[in-house]
Amino acid sequence: SILYRVEMQADGYYNHVTNKIVAVPADNQFRWMMMNIGKARIIGTDIGLSTAWQIDVLQFGTRLAYTHERAKDLSMDRDSPYYGGQIPYIPWNNASFVLNGSYRLWDFSYSFIYTGKRYDTSTNIEVNRLDAWSTHDFSLSRNIKWHNIDAKITTEINNILNCRYEVVSGYPMQGRNYKIILNIKL
């Protein structure tokens with residue numbers, strides 16, 4: 001048949017954590033400090049679905065993943081308006097989709113990554129919010145055999161839609177970018 005593998009995985013978790021250590025940026029991108037969150041409660045779900053397909057010499061596979069996570073900082077005074085805020089840099093929602101395949105000597109890959117809104121501190125207020133972002137990436141490769149040399153040339157286009165985003169507050173990520181990679185095995 002055309003579809004020859006389907007895998008699904010679902011995990012749920014509920015954790016009470018004492019002294020959760022979280023890495024957050026300090027005064028520059030290369031210096032991070034460890035922050036101790038005295039008490040945290042983390043509730044989440046991970047769901048994944050993978051498939052594998054073949055149509056004659058065309059093979060391809062897909063992978064879809066989704067995570068929902070509530071990671072609450074419970075170390076503050078219960079009367080504080082920030083009690084129970086989401087732990088820094090942990091988004092409520094993450095999702096990804098990957099499609100890859102091969103046709104004779106050619107390989108291709110497309111990926112979509114989504115990261116939902118999150119905060120850069122446990123004080124979940126507008127000024128500390130990092131917006132949701134998503135990227136689309138594509139690569140195309142050609143395998144080359146010449147005498148006793150195996151080579152592969154790959155072209156990549158990353159962040160195709162030129163999304164402006166920050167993984168870490170104050171440090172914007174690269175916009176659309178291109179790569180050409182040559183791998184040679186002797």
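# Worked exercises

Warm-up: Tyr89 touches Val24, Pro25, Arg118, Tyr119, Asp120, Leu130, Val167, Val168 and Ser169, leaving aside residues up to four places away in sequence. A contact here means heavy atoms within 4.5 Å.

Some ground rules before you start. This is a predicted model, where local features need pLDDT of at least 70, side-chain atom pairs count only at pLDDT 80 or more, and totals for chains, interfaces and linings use all residues. Residues are numbered from 1 along each chain as its sequence is written, and side-chain values use heavy atoms, with hydrogens and water left out.

**Exercise 1. Work out the overall make-up of the chain.**

Step 1: Count the elements. You should get zero helices and 13 strands, going by DSSP runs numbered from the N terminus (helices: H or I, at least four residues; strands: E, at least two).

Step 2: Check the dimensions. The C-alpha atoms fill a box of roughly 70 × 40 × 30 Å along the principal axes. The radius of gyration is 21 Å, while a compact globule of 186 residues would come in near 16 Å. That radius is taken over C-alpha atoms, and the globule rule is 2.2 Å times the number of residues to the power 0.38.

Step 3: Look at burial and contact range. Of the 186 residues, 29% count as buried; buried is under 20% relative accessible area, exposed is over 50%, and partly exposed lies in between (1.4 Å probe, protein chains only). Among contacts between residues at least 6 apart in sequence, 54% join residues at least 24 apart.

**Exercise 2. Find the largest nonpolar core and say which strand gives the most to it.**

Step 1: Collect buried Ala, Val, Leu, Ile, Met, Phe, Trp, Tyr and Cys residues joined through side-chain atoms within 4.5 Å.

Step 2: List the members. The largest core has 11 residues: Val22, Val24, Ile37, Ala40, Ile42, Ala71, Ile87, Tyr89, Ile90, Leu130 and Val168.

Step 3: Sort them by element. β1 (3–28) and β2 (31–55) each give two or more residues, and β2 gives the most, with three.

Step 4: Go back to the warm-up. Val24, Leu130 and Val168 are among the residues that Tyr89 touches, and these three also sit in the core list.

**Exercise 3. Compare two residues with positive phi.**

Step 1: Take Arg104, which has a positive phi of about 55 degrees although it is not a glycine. Arg104 lies in the loop between β5 (93–103) and β6 (106–115).

Step 2: Take Asn159, also a non-glycine residue, with a positive phi near 55 degrees. Asn159 lies in the loop between β10 (149–158) and β11 (166–168).

Step 3: Ask about cover: which is buried or exposed? Arg104 is exposed, at 60% relative accessible area, whereas Asn159 is buried, at 3%.

**Exercise 4. Trace a neighbour of Asn159.**

Step 1: Pick Thr135, in strand β9 (residues 133–146).

Step 2: Check its cover. Thr135 has 6% relative accessibility, so it counts as buried.

Step 3: List its contacts. Residues up to four places away in sequence aside, Thr135 touches Ser111, Phe112, Ile113, Asn159 and Tyr165.

**Exercise 5. Place Met8.**

Step 1: Locate the residue. Met8 is in strand β1.

Step 2: Decide on its cover. Met8 has 65% relative accessibility, so it counts as exposed.
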